[in-house]
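Here is a short tour for anyone about to load this model into a viewer. Keep the structure open beside the text and follow along.

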Amino acid sequence: MHVLEYVGYYRLLIYMRPFQRPGPPKTFLPGTTFEDVVSLYEFDRELRLLCMDGIERIEVALRAAILSQVAVPHGPHFYLDHRYFEKAEYFVEFFQAAAKARYVGIQHYRTHYDDPPLAPIWAIMEALTYGQLSHLFSWLALPHRKQIAVRFGFDETILVSWFRSLNGLRNMCAHHNRLWNFHMVVDQPRAAKRLKAEFTSTDRFYARAVVLSVLLEAAGHGAAWRQRLVALLGRFPLVQPASMGFPADWQSRSLWT
């Protein structure tokens with residue numbers, strides 16, 4: 001009764017499906033317990049939290065890379081010059097976002113300075129959403145994207161796709177959407193050549209887990225995040241990794257060992 005009151009029947013409904021025969025009417029398989037349904041729900045909840053933790057570290061690393069590779073050599077107000085962007089419309093869109101940004105550091109700048117009229121990029125970046133940050137990376141001129149990409153060890157075209165894909169994953173997590181067994185057809189990550197075998201199915205969670213793992217590796221947190229994912233799956237034996245796109249031999253692959 002407590003779970004039904006504070007989680008809700010409708011939210012739990014999708015987690016009942018693996019324990020039911022196809023209907024109508026849908027009937028539960030023999031031996032199914034309410035705790036089985038709640039356990040699957042709790043796994044999905046913990047998976048979202050684990051993803052959010054990983055995406056946060058990648059977001060911070062991307063901010064730092066843009067600052068060190070573009071702002072340090074070209075100045076804290078480089079974003080006021082259209083030449084640093086691939087297209088004029090990208091420059092205009094980012095300039096408009098920067099002008100509307102709200103953050104204590106930006107307010108401090110406006111109180112004490114008026115030339116240039118907008119705050120330095122490090123203050124602006126603290127006010128950006130992850131989606132705006134991923135757009136900024138994809139909007140920068142190609143030489144700057146390449147310089148930033150070196151930090152992560154992958155081609156900039158791959159990173160444009162991966163950062164956008166993680167933005168979709170982050171939005172799902174932030175709105176408490178289901179990750180387990182969900183078909184993620186929007187912003188599927190592109191396959192990097194050296195990881196081609198891991199991207200045979202890009203519409204399930206596994207492909208995003210691969211992206212998180214390798215980007216976190218570049219940021220120095222890959223091993224710890226992978227261990228937590230493996231441990232999470234180990235604590236919920238009812239969860240079938242195949243339903244999330246995990247290959248049958250995933251734990252023996254070099255990416256996860």
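The notes below go through charge pairs, aromatic rings, cysteines, the start of the chain and two single residues.

This is a predicted model, so every value here is computed from predicted coordinates. A search of the whole structure finds 13 salt bridges, and the count of aromatic pairs comes to 20. Disulfides, by contrast, number zero.

**Salt bridges**

- Side chains of opposite charge can pair when their charged atoms come close.
- R45 and E42 show such a pairing, with a salt bridge of 3.0 Å from N to O.
- R45 and E42 sit three residues apart in helix α3 (residues 34–74), so about one helical turn separates them.
- An α-helix has 3.6 residues a turn, so residues three or four places apart point the same way.
- R45 counts as partly exposed because its relative accessibility is 33%, and E42 is also partly exposed, at 26%.
- R48 has a salt bridge with D44, and their closest N and O atoms are 3.2 Å apart.
- Both R48 and D44 belong to helix α3, where four residues, about one turn of the helix, lie between their positions.
- Are R48 and D44 buried or exposed? R48 is buried, and D44 is buried as well.
- D53 makes a salt bridge with R228, in which the closest N and O atoms are 3.0 Å apart.
- That pair ties distant parts of the chain together, since D53 is in helix α3 and R228 in helix α11 (residues 222–235), 175 residues apart.
- R228 counts as partly exposed, with a relative accessibility of 42%.
- Which residues are linked with D53 in a network of salt bridges? The network joins D53 to R57 and R228.

**Aromatic rings**

- A pair of aromatic rings is described by the distance of the centres and the angle of the planes.
- For Y15 and Y41 the ring centres are 5.5 Å apart and the planes stand at 80°, so the pair is edge-to-face.
- This pair also links distant parts of the chain: Y15 is in helix α2 and Y41 in helix α3, with their positions 26 residues apart.
- Y15 counts as buried at 1% relative accessibility, and Y41 counts as buried at 10%.
- Elsewhere, ring pairs connect F78, Y79, Y84, F85, F91, F94 and F95 into a cluster.

**Cysteines**

- Why do C51 and C173 form no bond? The sulfur of C51 has its closest cysteine sulfur in C173, and the 4.7 Å between them is too far for a bond.
- Seen from the other side, the closest cysteine sulfur to that of C173 is in C51, again at 4.7 Å.
- C51 is buried, with a relative accessible area of 0%.
- C173 is buried too, with a relative accessible area of 5%.

**The start of the chain**

- M1, L4, Y9, Y10 and F34 make up a nonpolar patch on the surface, and together they have about 640 Å² of accessible area.
- One member of this patch, Y9, has its place in helix α2 (residues 9–16).
- Which residues of α2 are buried? Among them are L12 and L13, along with Y15 and M16.
- The cover over the buried residues of α2 includes α1 (2–6) and α3.

**Two residues to look up**

- H144 has its place in helix α8 (residues 142–152).
- H144 counts as buried, with 9% relative accessibility.
- Setting aside residues up to four places away in sequence, H144 touches V70, H74 and Y84.
- Y84 is also one of the residues in the aromatic cluster described above.
- N167 lies in helix α9 (residues 156–174).
- N167 is buried, with a relative accessible area of 16%.
- Without counting neighbours within four places in sequence, N167 is in contact with Y130, G131 and S134.
- How many Å separate the C-alpha atoms of N167 and V210? They are separated by 15 Å, and the two residues are 43 residues apart along the chain.

Key:
Residues are numbered from 1 along each chain as its sequence is written. This is a predicted model: local features need pLDDT of at least 70, side-chain atom pairs count only at pLDDT 80 or more; totals for chains, interfaces and linings use all residues. Side-chain values use heavy atoms; hydrogens and water are left out. Patches are made of residues with over 30% relative accessible area and no salt bridge: like charges are joined within 9 Å, nonpolar side chains (Val, Leu, Ile, Met, Phe, Trp, Tyr) within 5 Å. Accessible areas come from the Shrake-Rupley method with a 1.4 Å probe; for residues, only the protein chains shown count as cover. A salt bridge is a side-chain nitrogen of Lys or Arg within 4 Å of a carboxyl oxygen of Asp or Glu. Helices (H or I, at least four residues) and strands (E, at least two) are DSSP runs, numbered from the N terminus. A disulfide is a pair of cysteine sulfur atoms within 2.5 Å. Buried means under 20% relative accessible area, exposed over 50%, partly exposed in between (1.4 Å probe, protein chains only). Contact means heavy atoms within 4.5 Å. Rings of Phe, Tyr and Trp (its six-membered ring) pair if their centres lie within 6.5 Å; planes under 30 degrees apart count as stacked, over 60 as edge-to-face and the rest as tilted.
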